[in-house]
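Please open the structure in your viewer and keep the sequence panel beside it, since each stop on this tour begins with a selection. The tour moves from helix packing to the strands, then to the charged pairs and finally to individual side chains.

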Amino acid sequence: VWFMRQAGRSLPEYRAARGTGSILDAIADPELAAEITLQPVRRYGVDAAVLFSDIVVPVHAVGFGVDVEQGRGPVVAAPFRSPDDLRRLRPLEPATDVPYVTDAVRLVARELEGSDVALIGFAGAPFTVASYLVEGGPSRTFAKVKTLMHAEPLVWGDLVDRLAEMAAAFLRAQVRAGASVVQLFDSWAGCLSPAEYERFVLPSTCRVLDAVGELGVPTILFGVGTGELLALMGTSGAQVVGVDWRVPLDEARRRVGPGCAVQGNLDPGLCLGPFEVVAEGARDVLARAGSEPGHIFNLGHGVLPETDPGILS
């Protein structure tokens, strides 16, 4: 059991520790990032600590011009518009670009040493990070990114290849610093048709997972609204496929196929209700999960900010 976005948002101790500054500034403080990572472990006794970081940290670190706007999310001052913009995506050098991330991983790993609590590192999948770079921020239609895919497939391929290399380097650095599991977030892949996902997205996703899998750590692939993509996600090489709340977990397991564990998928909206409602939903998830080849209980997406922290206990 662990919860996506468990490190923050709904926890009063998180708000007290972080204050009102930029999330990227908080991530750049290894001691603070480590403390925020460990807060849910102390409060809930979950089976995994999730590194306090963000999926845009690598592209921010190489100077692409990405920031995280309070209440909106990642925004890009000068969005990706042409092949010339590929020059703005140099390879990530973790030791010099994001030493604060690996320092935070080492601090958390040291605190967890001797326990049964795993440390989960993570990165953004190439498509989802590309969607922010191309759209300039969060999008409802993903019109610009889809236009680039279909109209300029070679440019698109170069873009996601570079982002795949960055994600792989970022994850490998986290593993070498002490992360014992990694999750690849493809949060916006659900906007794609299966044909688009298979042609334009899955190859770069597989490259990231293959690069990390060589280190021998379990890998999790997650997306939102990906019910029609689950069969393809099951071929990605990930050991675990995360499932949102829109597909019953037994049906999701059937779609993912044999050989993959599943993760999910209590509707986070239920956690705003009384405990009896949450408990009934959790029991339904567990009943549908089965046991082969494994299940990580989780929400179907992140903890909502207004959730009562006591409900998750």
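Are α8 and α10 roughly parallel or roughly perpendicular to each other? To follow the answer, bear in mind that this is a predicted model, and select helix α8, residues 143-151, together with helix α10, residues 194-213. Their axes come within 11 Å and cross at roughly 75 degrees, and because angles of 65 to 115 degrees count as roughly perpendicular, α8 and α10 are roughly perpendicular to each other. Now show the side chains where the two helices meet: Lys146, Met149 and His150 on the α8 side, and Glu196, Phe200 and Val201 on the α10 side. The residues of this contact between α8 and α10 divide into three nonpolar, one polar and two charged.

**The sheet**

Next, colour the strands of the open sheet, seven in number, which follow the order β1-β4-β5-β6-β7-β8-β9 with parallel pairing. At its edges stand β1 (48-50) and β9 (295-299), each with a single partner strand, so one side of each is left without a neighbour in the sheet. Looking along the sheet, you can follow a twist that averages 25 degrees from one strand to the next.

Within this sheet, select strand β4 (residues 118-124) and strand β5 (residues 181-186), which run parallel and are joined by five bridges. A convenient landmark is Ile120, which stands opposite Val181 in β5. Add α9 to the view: this helix packs on the sheet and touches both β4 and β5, and its direction makes about 165 degrees with that of β4.

**A hairpin**

Move to strand β2 (residues 66-69) and strand β3 (residues 73-76), an antiparallel pair joined by four bridges. Selecting Val68 leads to its bridge partner in β3, which is Pro74. The two strands form a hairpin with three residues between them, and in that turn Gly71 has a positive phi of about 80 degrees.

**Charged pairs**

How many salt bridges does a search of the whole structure find? The search finds 14, and a few of them are worth selecting in turn.

Begin with Asp84 and Arg87, whose side chains meet in a salt bridge with an N to O distance of 3.7 Å. Asp84 is partly exposed at 46% relative accessibility, whereas Arg87, with a relative accessible area of 66%, is exposed.

Then return to α10 and select Arg207 with Asp161, a salt-bridged pair in which the closest N and O atoms are 2.1 Å apart. Asp161 lies in helix α9 (residues 153-177) and Arg207 in helix α10, so the pair ties together parts that are 46 residues apart in sequence. Both ends count as partly exposed, Asp161 at 29% relative accessibility and Arg207 at 41%.

For the next pair, select Asp250 and Arg288, which form a salt bridge with the closest N and O atoms 3.2 Å apart. This pair links distant parts of the chain, with Asp250 in helix α12 (residues 249-256) and Arg288 in helix α13 (residues 275-289), 38 residues apart. Asp250 is partly exposed at 36% relative accessibility, and Arg288 is likewise partly exposed, with a relative accessible area of 31%. Elsewhere, show Glu228, Glu251, Arg254 and Arg255 as a group, for salt bridges that share partners join these residues into one network.

**Two buried side chains**

Select Ile23, which has its place in helix α2 (residues 23-27). What is Ile23 in contact with, leaving aside its neighbours within four places in sequence? The contacts are with Arg18, Phe52, Asp54 and Val68, the last of which you have already met as the bridge partner of Pro74 in the hairpin. The C-alpha atoms of Ile23 and Asp54 are separated by 8.4 Å, although the two residues are 31 residues apart along the chain. With a relative accessible area of 16%, Ile23 is buried.

Finish at Thr102, which is found in helix α6 (residues 99-112) and counts as buried at 9% relative accessibility. If neighbours within four places in sequence are left aside, Thr102 is in contact with Ala173 and Ala177.

Technical notes
Residues numbered from 1 in each chain as written. Predicted model: local features only at pLDDT ≥ 70, side-chain atom pairs only at ≥ 80, totals over all residues. Heavy atoms only, no water. Pairing = 2+ DSSP bridges. Axes fitted to C-alpha atoms, helices over the stretch in contact; angles between N-to-C directions. Parallel < 35°, antiparallel > 145°, perpendicular 65-115°, else oblique. Contact = heavy atoms within 4.5 Å. Nonpolar A, V, L, I, M, F, W, Y, C, P; charged D, E, K, R; others polar. Salt bridge = Lys/Arg side-chain N within 4 Å of Asp/Glu carboxyl O. Buried < 20%, exposed > 50% of the residue type's maximum accessible area, 1.4 Å probe, protein only.
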